[in-house]
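Colleague: I would like to go through this model one feature at a time. Please give the general idea behind each feature and then the case at hand.

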Amino acid sequence: MKKDEVPQDKSNLETANFKELCYAVDENGEYTTVNSSGWDPKTIALNKAIEDINERVEVAKKRVLSNQTSPIEYYMELHKMDLPILASYVGLWKWRVKRHFKPRVFNKLSNNILQKYAETFDISLEQLKNIELHGN
Amino acid sequence: MEINFAHHQSAHCENGVISNLMKHHGYNVSEPMAFGIGSGLLFCYIPFLKVNHAPAFTYRALPGIIFKRFAKRVGIKIKREKFKNPQQAKIRLDENLKNNNPVGLQVGVYNLVYFPDEYRFHFNAHNLVVYGKEDDTYLISDPVMETVTTLSDKQLEKVRFAKGAFAPKGHIYYPIHFPKELDLEKAIVKGIKHTCKDMLAPIPVLGVKGIRHTAKLIRKWPKKKGVKKANHYLGQIVRMQEEIGTGGGGFRYIFAAFLQESSTIINKPALSELSKEMTAIGDLWRDFAVDASRIYKNRSAKEDAYNNVATQLEVIADKEEVFFKKLKKAIK
């Protein structure tokens, strides 16, 4: 990549007002560093990934509202987590967390366990029990 | 208190921390030098590790290992500690700052508030330097950022004790012993040899073979996984290759910069020529990214398109195989 070929496309970096560093060669073939504001191929990839996550959140939301899963799954998706990550945050086995996705099991959980989830998701117990109380 | 610490932006966090800490202690080690000596360049497909619901691909060595190898090869000693108790981790950090010692920390990105929201994923192998503390605010030099920044003690604790794969567990590290003079020549040769060995390894998911393996997967994905998943996986490859921290082209440009710098240090003009070759390979990786992005941009891609980018990868694999064989010879 030549110095003047370093892409300067619009990207999500703009919101944080920073540019990333790239390595490129100058006119004399010497390596130097150039700041880049972003590059479309990877911005598209990132936006796609975010779209996918939003889709997952929406699906989870519908499933919670139709009582097919517990709010835990919704909040897990909202926080871009998967089962291993969530289990690691709350300090429980994966199979237990998965079990807590069942509305029937969720409704019987002790406050102690619910508190763990609420802390992980940074929400109140009420919000944990009712996703419609959550602003997002 | 604030330690007099010079922040230099780098492409990749781990190399950046190494380079910035070395410069702080009076050794001028560039980012590419840290990356090359630490044998950072790689290609690996990790089928059992899922990142954001897609298999993981990496263009670099395991987190932490670059610094480990770098230290061993140039003869510095590093003190590392992990903690169970966040309180203990904070005490140790504060002690070091009091002793005027800037330290490297491993952190998780998800709660790193100064990152743009879109970039905050559960990735736990980010690195930064803490160089001071004012009241309850820590002064942070994050090498991928253009300027220094700050985090409150609560915010810092959260990222130091992020959970999931590669959980940092408060990981703190700093050099404690330096040799009289850094023996760069030997270290460079060792670093290059190791990279050649990795890239030419007879393991199906690693190095050149790993790239070929990935090409095969791409051909299969649309039929086996459906277009949606195939596109998601393809996007994952491009993100791992080009996301912040790679310096572009899946670290190939940083490696080329390392070869160029090394050619004068160990007086081997051949490396300078090879650097140009690596730059050209980096360009091919970027062409691949452009074409791959065309596929996941339009949801209805032709099957042909997947075969096309797969072929591109196979060409890259062939070129890298020839390249690393030549590099191995050049260093003998």
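Modeller: Start with contact, which means heavy atoms within 4.5 Å. The model is predicted, so local features need pLDDT of at least 70 and side-chain atom pairs count only at pLDDT 80 or more, while totals for chains, interfaces and linings use all residues. Residues are numbered from 1 along each chain as its sequence is written, chains are lettered from A in the order in which they are written, and side-chain values use heavy atoms, with hydrogens and water left out.

Colleague: Which residues does B:Arg286 touch, not counting residues up to four places away in sequence?

Modeller: On chain A, B:Arg286 touches A:Met1, A:Pro7 and A:Trp39. On chain B, the list is B:Gln241, B:Glu242, B:Gly248, B:Gly249 and B:Tyr253. B:Arg286 is found in helix 9 of chain B; helices here are DSSP runs of H or I with at least four residues, strands are runs of E with at least two, and both are numbered from the N terminus.

Colleague: Is B:Arg286 buried or exposed?

Modeller: Buried means under 20% relative accessible area, exposed over 50%, and partly exposed in between, with a 1.4 Å probe and protein chains only. B:Arg286 has a relative accessible area of 8%, so this residue is buried.

Colleague: What is there to read for A:Cys22?

Modeller: A:Cys22 lies in strand 1 of chain A, residues 20-25, and counts as buried because its relative accessibility is 4%. Leaving aside neighbours within four places in sequence, its contacts include A:Met1, A:Val6, A:Thr32 and, on the other chain, B:Gly247. The C-alpha atoms of A:Cys22 and A:His134 are separated by 40 Å, and the two residues are 112 residues apart along the chain.

Colleague: How many residues of each chain are in contact across the interface?

Modeller: The interface takes 48 residues from chain B and 41 residues from chain A. Buried area is the accessible area (1.4 Å probe) that two parts lose on being put together, summed over both. For chain B and chain A this is about 4000 Å², with 57% of it on carbon and sulfur atoms. Of the area that chain B buries against chain A, B:His53, B:Glu118 and B:His122 supply 14%, more than any other three residues.

Colleague: How many salt bridges does the rule find across the interface?

Modeller: A salt bridge needs a side-chain nitrogen of Lys or Arg within 4 Å of a carboxyl oxygen of Asp or Glu. Between chain B and chain A the rule finds two. B:Lys228 and A:Glu55 form a salt bridge through their side chains, at 3.1 Å from N to O.

Colleague: Which elements of chain B give two or more residues to the side that touches chain A?

Modeller: They are helix 2 (31-37), helix 7 (207-242), helix 8 (252-265) and helix 9 (269-297). Helix 9 of chain B gives the largest share, nine residues.

Colleague: How many aromatic pairs are there over all chains?

Modeller: Rings of Phe, Tyr and Trp (its six-membered ring) pair if their centres lie within 6.5 Å; planes under 30 degrees apart count as stacked, over 60 as edge-to-face and the rest as tilted. The count is 18 over all chains. The rings of B:Phe255 and B:Phe258 have centres 5.7 Å apart and planes at 45 degrees, so this pair is tilted. Both residues lie in helix 8 of chain B, three residues apart, about one turn of the helix. The rings of B:Phe323 and B:Phe324 have centres 5.0 Å apart and planes at 85 degrees, so that pair is edge-to-face.
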